[in-house]
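Grab a pencil and work through these exercises with the structure open beside you. Try each task yourself before you read its solution.

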Amino acid sequence: MKYWRTPLDLDRVKIPRGTVHIIIERCKGCSFCIEYCPKDVLAFSEDYNRKGYHYPKVLETGLCVNCNLCEMICPDFAIFSLPEPDPADSVDAPQAAAAIEGAVESAQRSTAGSSAN
Ligand code: SF4
Ligand code: SF4
């Protein structure tokens, strides 16, 4: 972003980064998350989910600013973002990432199970 004047605290402000998680089987392909993402992080995948919809995919990692707009706008709770762990934090990043992946897989399984019934 190009500023017409330089903010005094520019060197102190850290741009947040996020990781997008998509629960593929919940998506109904409405494209809200893709259209309204302010950083154009998302695009439709060429693949289909079990309901027959194209679902979003992340175009390029490292662009998401964790604004959570996709999460707020999705009518089916099929997408969310989480802040990327700061290496300076004491949180065990690989352990936290594994816990998140486990939660997403669990949500995928429960959605797939309920749609099969
Ligand atoms: S959190 Fe914000 S920047 Fe990241 S994918 Fe969602 S809408 Fe885009
Ligand atoms: S807003 Fe939700 S339902 Fe719509 S395309 Fe994005 S993930 Fe799928």
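**Exercise 1: Two loop residues**

Task: Find where Asn66 and Asp40 sit, then decide whether each is buried, partly exposed or exposed.

Solution: Start with Asn66, which is found in the loop between E3 and H2. Keep in mind that this is a predicted model. Asn66 has a positive phi of about 55°, although it is not a glycine. Now count neighbours: 16 other C-beta atoms lie within 10 Å of Asn66, so it is partly exposed.

Next comes Asp40, in the loop between H1 and E2. Asp40 isn't a glycine either, yet its phi is positive, at about 50°. The count for Asp40 is 11 C-beta neighbours inside 10 Å. The cut-off for exposed is 12 or fewer, so Asp40 counts as exposed.

**Exercise 2: The order of the elements**

Task: How many helices and strands does the protein chain have, and in what order do they run from the N terminus?

Solution: Count them up and you get three helices and four strands. Walk along from the N terminus and the pattern reads β-α-β-β-α-β-α.

**Exercise 3: A hairpin**

Task: Work out how strands E2 and E3 run and how many bridges join them.

Solution: E2 covers residues 42-48, and four bridges join it to E3; the two strands run antiparallel. Together they form a hairpin with five residues between them. Look in the turn for Gly52, where phi is positive at about 95°.

Now check positions across the pair. Ala43 stands opposite Lys57 in E3. Glu46 also lies in strand E2, and its C-alpha atom is 9.1 Å from that of Lys57, eleven residues away along the chain. Is Glu46 buried or exposed? It has 7 C-beta neighbours inside 10 Å, so Glu46 counts as exposed.

**Exercise 4: Around the ligands**

Task: Which residues come closest to ligand 1 and to ligand 2?

Solution: Take ligand 1 to begin with. It has 15 residues around it, and the closest are Cys37, Cys64, Cys67, Cys70 and Ser81. Strand E1 (18-22) and helix H2 (69-73) are the elements that give two or more residues to this shell. Sort the shell by class and you find ten nonpolar residues, four polar and one charged.

Ligand 2 has 13 residues around it, with Cys27, Cys30, Cys33, Cys74 and Ala78 coming nearest. Here helix H1 (32-36) and strand E3 (54-58) each supply at least two residues. By class, the shell of ligand 2 holds nine nonpolar, two polar and two charged residues.

**Exercise 5: The core**

Task: Which members of the largest nonpolar core touch the most other members?

Solution: This core has 15 residues, and the ones you want are Val20, Ile22, Cys33, Cys70, Ala78 and Ile79. Zoom in on Cys70. Leave out residues up to four places away in sequence, and Cys70 touches Val20, Cys33, Cys37, Leu42, Ile79 and Ser81. Then step back: buried residues make up 19% of the 117 residues in the protein chain.

**Exercise 6: How far to trust it**

Task: Where in the protein chain is the confidence lowest, and where is it highest?

Solution: The average pLDDT for the protein chain is 88, and 90% of the residues score at least 70. Helix H3 (residues 93-116) has the lowest confidence, with a mean of 76, while H1 has the highest, at 98. Where pLDDT is low, you shouldn't read the predicted coordinates in detail.

Methods:
Residues are numbered from 1 along each chain as its sequence is written. Chains are lettered from A and ligands numbered from 1 in the order in which they are written. This is a predicted model: local features need pLDDT of at least 70, side-chain atom pairs count only at pLDDT 80 or more; totals for chains, interfaces and linings use all residues. A residue is near a molecule or strand if its C-beta atom, placed from the backbone, lies within 6 Å of it. Ala, Val, Leu, Ile, Met, Phe, Trp, Tyr, Cys and Pro count as nonpolar, Asp, Glu, Lys and Arg as charged, and the others, Gly among them, as polar. A residue is buried if 20 or more other C-beta atoms lie within 10 Å of its own, exposed if 12 or fewer, and partly exposed in between; C-beta atoms are placed from the backbone. pLDDT is the predictor's confidence in each residue, from 0 to 100. A nonpolar core is a set of buried Ala, Val, Leu, Ile, Met, Phe, Trp, Tyr and Cys residues joined through C-beta atoms within 7 Å. Two residues are in contact if their C-beta atoms, placed from the backbone, lie within 7 Å. Two strands pair if DSSP finds at least two bridges between them.
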